[in-house]
Structures are given as structure tokens and as C-alpha cells.
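Reader: I would like a close look at one part of this model, the surroundings of the ligand, followed by a few words on any unusual backbone geometry elsewhere in the chain. Please take me through it step by step.

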Amino acid sequence: MFITFEGLDFSGKSTQVKLLSETLTHEHYHILVLREPGGTEIGEKIRTILLDKKITGMTNVAELFLFSASRSQLVEEVIKPAIEGGMIVLCDRFYDSLTAYQGWGKGISAETVRVVNQCASAGLVPDLTFYIDIPVKEVERRMSRSHTSRDRMESNGIAFYERARNGYLEIAKKESRFRVVDGLLPIETIEETIWTTVSASLAKK
Ligand code: TMP
């Protein structure tokens, strides 16, 4: 089973990945937790380039291919073998991030994003995707309270985040695997909602 988590930066999705992984481990499932970009030696090097604030002037297309190169490596080297081995794979971001951020956010055409996503994921589609939705104002609020400095991707600005959020909401309308979760709810409520969905899915398998 392959479960992905999506959302704007500071949406709290990484916290939910951690909480779900703890519950699944407690329930004795074999799980693997991954993040994108990264998760392989090549992917982690690409991640460093993508998030490095000192790198300026990266073209949108270069960015698209770097995220996708990391994804391809992760799919072939790690995700596919794990799923074939019967593991539950939790991934913090997958190709819907590319559609929302590089497609809707940066204006790369939907067709280009579709083809690149298909190629980088080798046709692998998540069974379930949790999209943790928060308004952009909340991203700003959480960002200003955070003590870490903004990385290159977090420096894209408010209008960019609005476009990316609209993108996610559009994907949610089209993809039946998407579950939109209100990211303003308390952490425990979100955790319960996610576990209800995942446990029901596991019961059907
Ligand atoms: P993270 O902060 O969730 O680890 O993700 C790193 C940043 O990269 C985040 O700002 C979202 C962005 N991103 C994209 O723009 N496109 C992608 O395909 C992925 C996976 C992440």
C-alpha cells in the first residue's frame, strides 16, 4: 500500500506522517517512511540543490526536472521494491507536489507536468493521498513564528502559495484517492481522521 501526504509548507503534514507511522508500527505493520525530494543518496544531493537559498536563477524547467529526477530514483530504488515486498510506504510529498508547485504555482503547462510525472513515477499511483489544507494566511503566520530560516522553495511568496493551494484543491476535485483534511483542526483530530481512513482501507485489503 502506498500513502502520500500533500500540503503547503507548514501545513503540518510531516507531523501527521510521523503520527501515522507510529500507529502503524504499534499495530505491527511493516512500514517505510520517505520524503520528497530525497530518500536516496542521489535524491538527498538533489534536495540540497533545490532548497539552497544561495542558488539563484534556477529556471522553472530545471526545477521541474530536479524534483522529478529525485522522484524517479526514489520510485525505482526504494518505493517499488518496498511495495512489492508487502510494506506500507508513507511518503511525505509525491508527484501532486509537482502539479501544485511547478504546474499551478510556477505556470508550467499541465500537459508537460502530466507527462513528466508519468515518466518519473513509472506509472506508480498512490492508493491514498491526504491533502492537509491550510489557508495561505496560516502559512504566513506559522512561517513567521518558525525559528528556522526560509529555504529556497519557501521564499516563493504569497501569490505563489495561493496558486499552489488552488492547484491542490483542483486535483482534489479530480482524484478519488484524494482526502482533503482541514489543517486548522487540532493535531489529534487530524490524526484520528487519517487513521479512520487508513484502517478502513487496510481492512479491505
Ligand atoms: P518539504 O519542505 O515538504 O520537505 O518539501 C520541500 C520543498 O519542495 C517544499 O517547499 C515543496 C517543494 N516541492 C516542489 O516544489 N515540488 C515537488 O515536486 C516536491 C516534491 C516538493
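Author: What follows goes through the ligand shell and then turns to the backbone.

The model is a predicted one, and the values below are computed from it. In this model the ligand is surrounded by 13 residues, and the closest of them are D9, R47, R71, R93 and Q102. Sorted by class, the shell is made up of six charged residues, five nonpolar residues and two polar ones.

Two of these closest residues can be followed down to the level of atoms. In the side chain of R47, an N or O atom lies 2.9 Å from an oxygen atom of the ligand, and for R71, too, a side-chain N or O atom is found 2.9 Å from a ligand oxygen. The backbone takes part as well, since an N or O atom of the main chain of L98 is 3.3 Å from an oxygen atom of the ligand. Each of these three distances falls within the 3.5 Å that defines a polar contact. As for how far the ligand is covered, it would expose 470 Å² if taken alone, and the protein buries 93% of that area.

The shell can also be read by secondary structure. Three elements each give two or more residues to it, namely α2 (41–51), α3 (60–84) and α4 (95–105). Of the shell as a whole, the largest share comes from α4, with four residues.

Turning to the backbone, the peptide bond that joins E36 and P37 is cis, with an omega of about -10 degrees. P37 belongs to the loop that runs between β2 (31–35) and α2, and α2 is also one of the elements that give two or more residues to the ligand shell.

Two further residues stand out by their phi angles, although neither is a glycine. H28, in the loop between α1 (13–26) and β2, has a positive phi of about 70 degrees, and this residue is exposed, with a relative accessible area of 70%. A122, in the loop between α5 (110–120) and β4 (128–133), has a positive phi of about 50 degrees. With a relative accessible area of 37%, A122 counts as partly exposed, because that value lies between the 20% under which a residue is called buried and the 50% over which a residue is called exposed.

Methods: Residues numbered from 1 in each chain as written. Predicted model: local features only at pLDDT ≥ 70, side-chain atom pairs only at ≥ 80, totals over all residues. Heavy atoms only, no water. Near = heavy atom within 4 Å. Polar contact = N/O pair within 3.5 Å; in protein donor to acceptor, adjacent residues only side chain to side chain. Areas by Shrake-Rupley, 256 points an atom, 1.4 Å probe, with all protein chains shown as cover. Nonpolar A, V, L, I, M, F, W, Y, C, P; charged D, E, K, R; others polar. Buried < 20%, exposed > 50% of the residue type's maximum accessible area, 1.4 Å probe, protein only.
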